[in-house]
Amino acid sequence: MMSDGYFLGVDVGSASVRAGLYSAQGERLSFATRPISQFHASNARVEQSSAEIWQQVCAVVREAVDSSGISPDAIRSIGFDATCSLVALDAEGNGLSVSPDSPASQDIIMWMDHRAHEETVRINATRDPALCYVGGEVSIEMELPKLLWLQRHHPETWNQAWRFFDLADFLVWKATGQDAASLCTLTCKWNYLAHEAQFSESLLREVGLETLLTKIPDTILDVAECVGKLSPQAAQALGLPEEVVVASGMIDAHAGGVALTGSHPEGTLALISGTSNCHMLASQTEIHTPGVWGPYWSAMLPGYWLTEGGQSAAGALVDWTLREHGASADLFAKAEAAQRHPVALLNDWVAALEQEEKYPTRNLHILADHHGNRSPRSRPDARGSVVGLTLETGERALARLYLATLQAIAYGTRHIMDTLKHHGHTLSRIVICGGATHNRLWLREYADATGCDIHLLAEEDAVTLGAAICGAVASGAWATLTDATREMVKAGDIITRRPETAAFHRQKYEYHRISYRWKTHTGLLTRKSSLY
């Protein structure tokens with residue numbers, strides 16, 4: 001069925017809000033982006049403001065529509081996705097502070113917040129059967145540990161809370177006024193058992209969260225389901241007609257996964273590259289993989305189990321490396337003078353280094369666990385390391401460290417892939433979207449380090465497109481996500497692996513695995529880890 005009309009996708013990432021307007025053929029007609037704030041109270045605590053985010057959502061939607069030349073009356077739907085961050089609201093729908101020393105405007109605990117270490121340990125100590133559906137252990141980045149932290153350390157907010165929303169569900173509520181949650185968010189981040197259509201009462205009871213179910217919506221909607229239409233207040237704020245249909249909310253990576261895998265689910269590993277990395281794999285078979293989240297029933301593609309791996313720091317680690325090195329000031333000054341992106345200039349430095357040395361990182365090895373290991377070791381307390389430093393300084397030293405960082409992140413992806421294969425998954429190709437797609441050097445390293453060709457989409461912002469696709473299905477433009485993705489998603493370039501580098505990367509990858517075990521055996525980590 002061919003559709004007409006236009007479809008909006010809104011993507012709320014860790015540092016910015018984006019809106020794209022798409023045709024029924026998947027052509028992007030306009031795009032707008034605005035920054036959003038992060039409040040770092042400590043190394044562990046990271047918060048945001050739902051009021052600021054909603055304000056920026058309204059701004060980017062208005063800008064995208066105004067710049068498209070399309071009449072707002074031609075827009076059929078809007079889909080929202082966001083990071084899996086926790087929003088706290090009182091009975092009037094106003095924000096509640098999420099730390100005793102934070103203002104009420106800081107009402108979001110971000111996904112990357114690591115305050116709830118003790119609560120994570122307590123939940124995992126229950127060994128509740130529900131934990132089998134998050135790889136055996138709940139992650140510190142998920143919502144139950146954060147909620148338990150609020151109950152224990154900020155009871156005022158816990159007691160005053162009318163609703164705790166995942167951020168995507170908050171946006172849907174702001175847009176429609178409908179008190180509903182998404183199967184995607186609750187299953188993947190709240191330990192909801194979608195295949196049983198219930199929470200684990202035994203898990204909530206054992207950790208003292210029985211009253212949580214009174215603080216979240218009773219209505220749980222499937223992926224790409226119609227929530228309703230825009231409320232009058234939201235329509236005015238967004239500059240859209242009230243007839244615009246709103247889809248159920250999606251986690252940002254999962255919206256990207258819809259675009260990347262919807263027309264070819266089996267065997268396709270979707271790599272969503274951003275501040276962190278997410279690895280999404282759909283299967284018709286229920287496969288449990290220790291240390292990897294899932295399997296989640298129908299949480300991304302209806303009728304498929306979803307397995308979700310991830311790396312807690314990817315783009316964030318590259319940014320950190322560039323900022324903290326001694327040659328950083330020189331890099332940023334030269335990039336500004338040349339009116340180039342610092343990464344583009346740094347890639348030139350790497351190319352020059354590779355003219356002199358075939359493999360500049362042969363003796364420089366990085367373990368990229370600077371913000372913990374999400375998968376497959378499930379160790380938020382894991383730490384990064386650099387082995388092989390010399391007294392080298394300046395451009396060459398930064399270029400070498402940067403290249404080794406790109407490779408280390410790629411080896412982390414390979415480790416997740418190997419673990420999935422070891423436990424029975426089939427992987428036939430990698431499709432990638434997000435920040436890394438703008439960096440051909442990084443794509444080259446992903447292909448070489450994993451031994452897989454890397455497929456791109458023609459649309460560079462697949463996450464926003466995925467949100468728009470969900471909205472299109474919710475509006476009835478297409479009957480299924482498969483139908484919609486076949487029409488709206490177009491294939492892009494393929495980055496081909498270089499077979500001549502296989503032996504080098506095989507050796508580097510083996511060192512990558514050994515370095516973690518070495519830290520474990522020397523006491524730098526407290527719990528031993530097997531290969532998988």
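**Group meeting: strands, helices and cores in a predicted model**

Let me begin with strand 2, residues 16–23, which is mostly covered, with 8 of its 8 residues buried, where buried means under 20% relative accessible area, exposed over 50%, and partly exposed in between, using a 1.4 Å probe and protein chains only. Before going on, I should say that this is a predicted model, in which local features need pLDDT of at least 70 and side-chain atom pairs count only at pLDDT 80 or more, while totals for chains, interfaces and linings use all residues. Residues are numbered from 1 along each chain as its sequence is written, and side-chain values use heavy atoms, with hydrogens and water left out.

Staying with strand 2, Ser16, Arg18, Gly20 and Tyr22 point one way, Val17, Ala19, Leu21 and Ser23 point the other way, and all are buried. Helices (H or I, at least four residues) and strands (E, at least two) are DSSP runs numbered from the N terminus, and two strands pair if DSSP finds at least two bridges between them. Strand 2 pairs in the antiparallel sense with strand 1, residues 6–12, over 7 bridges, one partnership being that of glycine 9 with glycine 20, and these two strands form a hairpin with 3 residues between them. With strand 3, residues 28–35, strand 2 again pairs in the antiparallel sense over 7 bridges, and here alanine 19 stands opposite alanine 32. The hairpin of strand 2 and strand 3 has 4 residues between the strands, and in it glycine 26 takes a positive phi near 85 degrees.

Now to another sheet, an open one of 7 strands in the order 19-20-18-17-23-24-25, with mixed pairing. Strand 19 (293–297) and strand 25 (491–495) stand at its edges with a single partner strand each, so one side of each is left without a neighbour in the sheet. Neighbouring strands of this sheet are turned by 25 degrees against each other on average, direction ignored; axes are lines fitted to C-alpha atoms, for helices over the stretch in contact, and angles run from 0 to 180 degrees between N-to-C directions. Strand 23, residues 429–434, runs parallel to strand 24, residues 454–457, and 2 bridges join them, with valine 431 having histidine 455 as its bridge partner. Helix 14, residues 440–450, packs on the sheet, touching strands 17, 18, 23, 24 and 25, and its direction makes about 140 degrees with that of strand 24; contact means heavy atoms within 4.5 Å.

What of helix 13, residues 394–422? Its 29 residues should span 42 Å at 1.5 Å a residue, and its end C-alpha atoms are 42 Å apart, which agrees; the expected span is 1.5 Å times one less than the number of residues. Of those 29 residues 24 are buried, so helix 13 is largely enclosed by the rest of the structure. Just after helix 13, glycine 424 takes a positive phi of about 110 degrees.

Finally, the cores: a nonpolar core is a set of buried Ala, Val, Leu, Ile, Met, Phe, Trp, Tyr and Cys residues joined through side-chain atoms within 4.5 Å. The largest has 87 residues, of which Phe164, Trp190, Leu212, Ile272, Ile469 and Leu481 touch the most other members. Helix 15, residues 462–474, gives the most to this core, with 9 residues. A second, separate core of 50 residues includes Leu271, Ala314, Leu345 and Leu456.
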